[in-house]
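Here's a quick tour of a few spots worth a look. Have the viewer open and follow along.

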Amino acid sequence: MKKLMVGMALTATLATAVTPGFGSIGGNQEKAYAAATVTYKVTASKLNVRSRAGTTYGIIGSVVKGQTLSVMSKSGSWYKINYNGRTGYVSSDYVQASGTATPPAESTTYTVTASTLNVRSGAGTNYASIGSVKKGQKLSVVSKSGSWYKINYNGRTGYVSSDYVQASGTATPPAESTTYTVTASTLNVRSGAGTNYASIGSVKKGQKLSVVSKSGSWYKINYNGRTGYVSSDYVQASATTSPKLVVDSFKTLGNAQQVILVTADNYDTKSAKIQTFEKVDGKWKQVLTANGVLGQKGFALSKKEGDMESPTGKYTIGTAFGRYENPGTKLPYRKITANDVWVDDSKSSLYNTWQQKPANGRWTSAENMDIPAYDYGFVINYNESRTPGKGSAIFFHVGTNYTAGCTATSKEQVVSILKWLNPEKNPVIIQSPVSELDKY
């Protein structure tokens with residue numbers, strides 16, 4: 001924040017900070033809180049008061065340098081205050097609190113504010129997305145790592161940006177064990193969060209920092225017993241443990257360096273989770289996560305022609321296809337014409353192959369390929385032996401409801417995966433209920 005925002009003072013006694021009926025303070029805690037005198041002084045010339053704890057929320061007014069506030073509690077890096085008879089929030093980065101008491105934390109509620117928010121495998125945008133959460137969804141927050149919340153996500157660990165989560169009336173979650181390391185040869189330590197503040201010293205490349213909090217693009221640190229600020233652009237923040245990917249435990253991947261993993265909660269659901277992984281420098285990295293759908297009746301225990309179920313197993317990836325020009329895939333690509341069909345007649349010698357009309361007695365039934373579901377997709381090399389009745393025309397294609405036995409997701413995601421797939425990396429697709437992943 002610019003220097004214009006620094007220099008505002010806010011003073012309050014804890015006796016006035018406690019309001020009758022405030023639910024998270026009670027009994028002896030309230031008496032102890034009221035007994036200690038705490039002065040809050042704003043350090044910005046003008047400080048916005050917002051309707052909730054975050055800069056994305058509306059401004060309901062402002063306070064000025066030297067003004068006193070009645071602080072009720074602390075929510076993350078925000079103070080909840082009484083403002084002209086109503087509740088408001090001010091950033092604690094620009095409020096100087098002196099005294100022995102700390103405002104009590106409120107009960108925990110974390111709500112997503114973005115329409116769709118990526119959940120990542122680590123605390124940073126450089127980590128792979130492992131899924132997403134929707135606006136209004138409540139999160140189970142474990143801890144906070146810099147500007148990221150560590151959460152429980154579908155039974156595994158994930159991370160979401162705190163910029164798009166409303167920590168409404170919440171206590172700051174316990175900090176995750178994070179190492180902060182200087183990356184610049186010499187990095188100035190300043191007296192405030194900005195280059196316009198005086199340098200009070202410097203730190204060297206590789207030095208570990210004791211980070212107190214983050215204010216915009218600046219880390220507040222303990223520096224030789226006093227408070228200092230360093231630019232986060234030259235500090236690497238890394239959690240001490242790296243999340244383990246599901247593919248790390250797979251034993252059947254052979255020389256595959258790209259994996260598409262399609263999972264469902266059980267055999268009977270048509271909803272699927274699609275994840276892609278790629279091995280880079282000997283380590284698996286997650287690339288994409290998307291929602292998908294399976295056959296109308298879910299996964300098949302033993303796939304049969306016309307059963308409306310998707311086969312489980314590990315398969316290689318065949319020809320890419322579409323009704324339009326190649327979107328940029330490295331796979332062999334075939335453009336669909338009005339005459340293209342896939343033979344599903346188990347009695348035909350051409351069963352489970354791509355052919356062109358007319359049939360001329362070569363088959364009695366075949367699936368038309370020139371349909372919107374096949375705007376883009378690729379062949380899953382299932383039943384390559386073409387065993388009669390075992391199932392045919394198993395594709396990865398466009399769709400969001402259910403399929404007749406294929407796997408589908410949005411057109412955007414299909415194209416993204418097609419562009420990513422590289423036959424030189426021996427890609428495979430694994431389809432399985434979550435409970436049976438140990439087979440692979």
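What follows covers a small group of strands, a pocket and one serine.

Keep in mind that this is a predicted model.

Let's start with the sheet. It's an open one, built from three strands in the order 30-29-31, and the pairing is antiparallel. Strand 30 and strand 31 sit at the edges, each pairing on one side only. From one strand to the next, the twist averages 40°. Zooming in, strand 29 and strand 30 are joined in the antiparallel sense over three bridges. If you want a pair to click on, Val341 has Gln355 in strand 30 as its bridge partner.

Here are the strands with their residue ranges:

| Strand | Residues |
|---|---|
| Strand 29 | 340-343 |
| Strand 30 | 354-356 |
| Strand 31 | 366-368 |

Next, the second largest pocket, which has a volume of about 840 Å³. Its lining takes in 33 residues, and Gly131, Tyr153, Asn154, Lys273 and Thr289 are the ones nearest the centre. Among the elements giving two or more residues to that lining are strand 9 (116-120), strand 10 (129-134) and helix 3 (411-420). Strand 22 (258-264), strand 23 (271-280) and strand 24 (283-293) do so too. By class, you'll find 17 polar, twelve nonpolar and four charged residues in the lining.

Last stop: Ser392, in the loop between strand 32 (376-380) and strand 33 (395-398). Is Ser392 buried or exposed? Ser392 counts as buried because its relative accessibility is 9%, under the 20% cut-off. Its side chain also makes a polar contact with the side chain of Glu305, at 3.0 Å.

Conventions: Residues are numbered from 1 along each chain as its sequence is written. This is a predicted model: local features need pLDDT of at least 70, side-chain atom pairs count only at pLDDT 80 or more; totals for chains, interfaces and linings use all residues. Side-chain values use heavy atoms; hydrogens and water are left out. Two strands pair if DSSP finds at least two bridges between them. Helices (H or I, at least four residues) and strands (E, at least two) are DSSP runs, numbered from the N terminus. Axes are lines fitted to C-alpha atoms, for helices over the stretch in contact, and angles run from 0 to 180 degrees between N-to-C directions. On a 1 Å grid over the protein atoms alone, a cavity is a set of points where a 1.4 Å probe fits but cannot get out, and a pocket is an open set with protein on both sides within 12 Å along at least five of seven lines; lining residues have an atom within 4 Å of a point. Grid points are joined across faces, edges and corners, and a volume is the space filled by probe spheres set on the points. Ala, Val, Leu, Ile, Met, Phe, Trp, Tyr, Cys and Pro count as nonpolar, Asp, Glu, Lys and Arg as charged, and the others, Gly among them, as polar. Buried means under 20% relative accessible area, exposed over 50%, partly exposed in between (1.4 Å probe, protein chains only). A polar contact is a pair of N or O atoms within 3.5 Å; within protein, one must be able to donate a hydrogen and the other to accept it, and residues adjacent in sequence count only if both atoms are side-chain atoms.
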